Amino acid sequence: DPNAITYKVDSEAEFQKKYPWNYTDHLVPQLKKRFINFKFDRKFNQLKSRLIKNEKLSKERPLDWNKPSGTKKRFYSPNILKEFDNHYEKK
C-alpha cells in the first residue's frame, strides 16, 4: 500500500533490548548476588557453554556493526538467570 505508514527498525536497538547484559558488568554481578552456592568452576563453565548455544538467552555480535568480520562480543538476555535457577540455590 503506497499510503501505508513506514516503520523502520533499528537493528542495534532491537539487539540491545533483547540482550542488554554483557558478561563482566551485568551477568557476573547478578549471579553472585542471586545465588548462595555459586562458584566459577567447571560446573558453571559447562552450564554456561550449554546455555549460550540457545539464541533466546545469549548472542554474539560484532562490536562494530559496519565491520561484521571484526571483533565480536557476547551479550546475554536477563532470562538466562531462570536457567541458572535450576542449578544453583537462590538466596
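These are my notebook entries on what I looked up in this structure.

**Entry 1: the overall layout**

I'm working with a predicted model, so I keep that in mind throughout. I started with the secondary structure and found four helices and three strands in the chain. Going from the N terminus, I wrote down the order as α-β-α-α-β-β-α.

Next I checked the overall dimensions. What radius of gyration does the chain have? I get 17 Å, while a compact globule of 91 residues would come in near 12 Å. The box around the C-alpha atoms, taken along the principal axes, is roughly 60 × 30 × 20 Å.

**Entry 2: surface, burial and charge**

I looked at how much of the chain is covered. Of the 91 residues, 26% count as buried. The exposed area is about 6900 Å², and carbon and sulfur atoms supply 47% of that.

Then I went through the contacts. I took those between residues at least 6 apart in sequence, and 65% of them join residues at least 24 apart.

I looked up the charges too. The chain has 22 positive and 12 negative ones, and their mean positions lie 6 Å apart.

**Entry 3: the nonpolar core**

Here I had a general point in mind: in soluble globular proteins, nonpolar side chains tend to be buried together. So which residues touch the most other members of the largest nonpolar core? They are Leu31, Ile80, Phe84 and Tyr88, in a core of 14 residues. I noted that H2, helix H3 (42-51) and helix H4 (80-85) are the elements that give two or more residues to this core.

I picked Phe84 for a closer look. Beyond its neighbours within four places in sequence, I found Phe84 touching Leu31, Phe35, Phe44, Leu47 and Leu51.

**Entry 4: Leu27 and Asn22**

I moved on to Leu27, which sits in helix H2 (residues 23-34). Is Leu27 buried or exposed? Leu27 counts as buried because its relative accessibility is 0%, and the cut-off for buried is under 20%. Skipping residues up to four places away in sequence, Leu27 touches Trp21, Asn22, Tyr76 and Ile80. I also took a distance: the C-alpha atoms of Leu27 and Lys39 are 13 Å apart, with their positions 12 residues apart along the chain.

Asn22 turned up among those contacts, so I looked it up as well. Asn22 belongs to strand E1 (residues 21-22). With 9% relative accessibility, Asn22 counts as buried. Which residues does Asn22 touch, not counting those up to four places away in sequence? I listed Leu27, Lys73, Arg74, Phe75 and Tyr76.

**Entry 5: Val28**

I stayed in helix H2 for Val28. A relative accessible area of 13% means Val28 is buried. Leaving out neighbours within four places in sequence, I found Val28 in contact with Tyr23 and Phe40. From Val28 I went along the chain to Arg50, 22 residues apart, and their C-alpha atoms are separated by 17 Å.

**Entry 6: Asn54**

Where is Asn54? I found Asn54 in the loop between H3 and strand E2 (58-62). Asn54 is partly exposed, because its relative accessible area is 34%, and that class runs between 20% and 50%. Asn54 and Phe40 are 14 residues apart along the chain, and I noted a C-alpha separation of 20 Å.

**Entry 7: Asp85**

My last stop was Asp85, in helix H4. Asp85 has a relative accessible area of 22%, so I put it down as partly exposed. Which residues is Asp85 in contact with, leaving aside neighbours within four places in sequence? They are Arg34, Phe35 and Lys90. Phe35 had already come up in my list for Phe84.

I closed with one more distance. Asp85 and Asn66 are 19 residues apart in sequence, and I have them at 37 Å apart in space, C-alpha to C-alpha.

How values were computed: Residues numbered from 1 in each chain as written. Predicted model: local features only at pLDDT ≥ 70, side-chain atom pairs only at ≥ 80, totals over all residues. Heavy atoms only, no water. Rg over C-alpha atoms; globule rule 2.2 N^0.38 Å. Buried < 20%, exposed > 50% of the residue type's maximum accessible area, 1.4 Å probe, protein only. Contact = heavy atoms within 4.5 Å. Areas by Shrake-Rupley, 256 points an atom, 1.4 Å probe, with all protein chains shown as cover. Lys, Arg positive; Asp, Glu negative; His and termini not counted. Charge placed at Lys NZ, Arg CZ, Asp CG, Glu CD. Core = buried A, V, L, I, M, F, W, Y, C linked by side-chain atoms within 4.5 Å.
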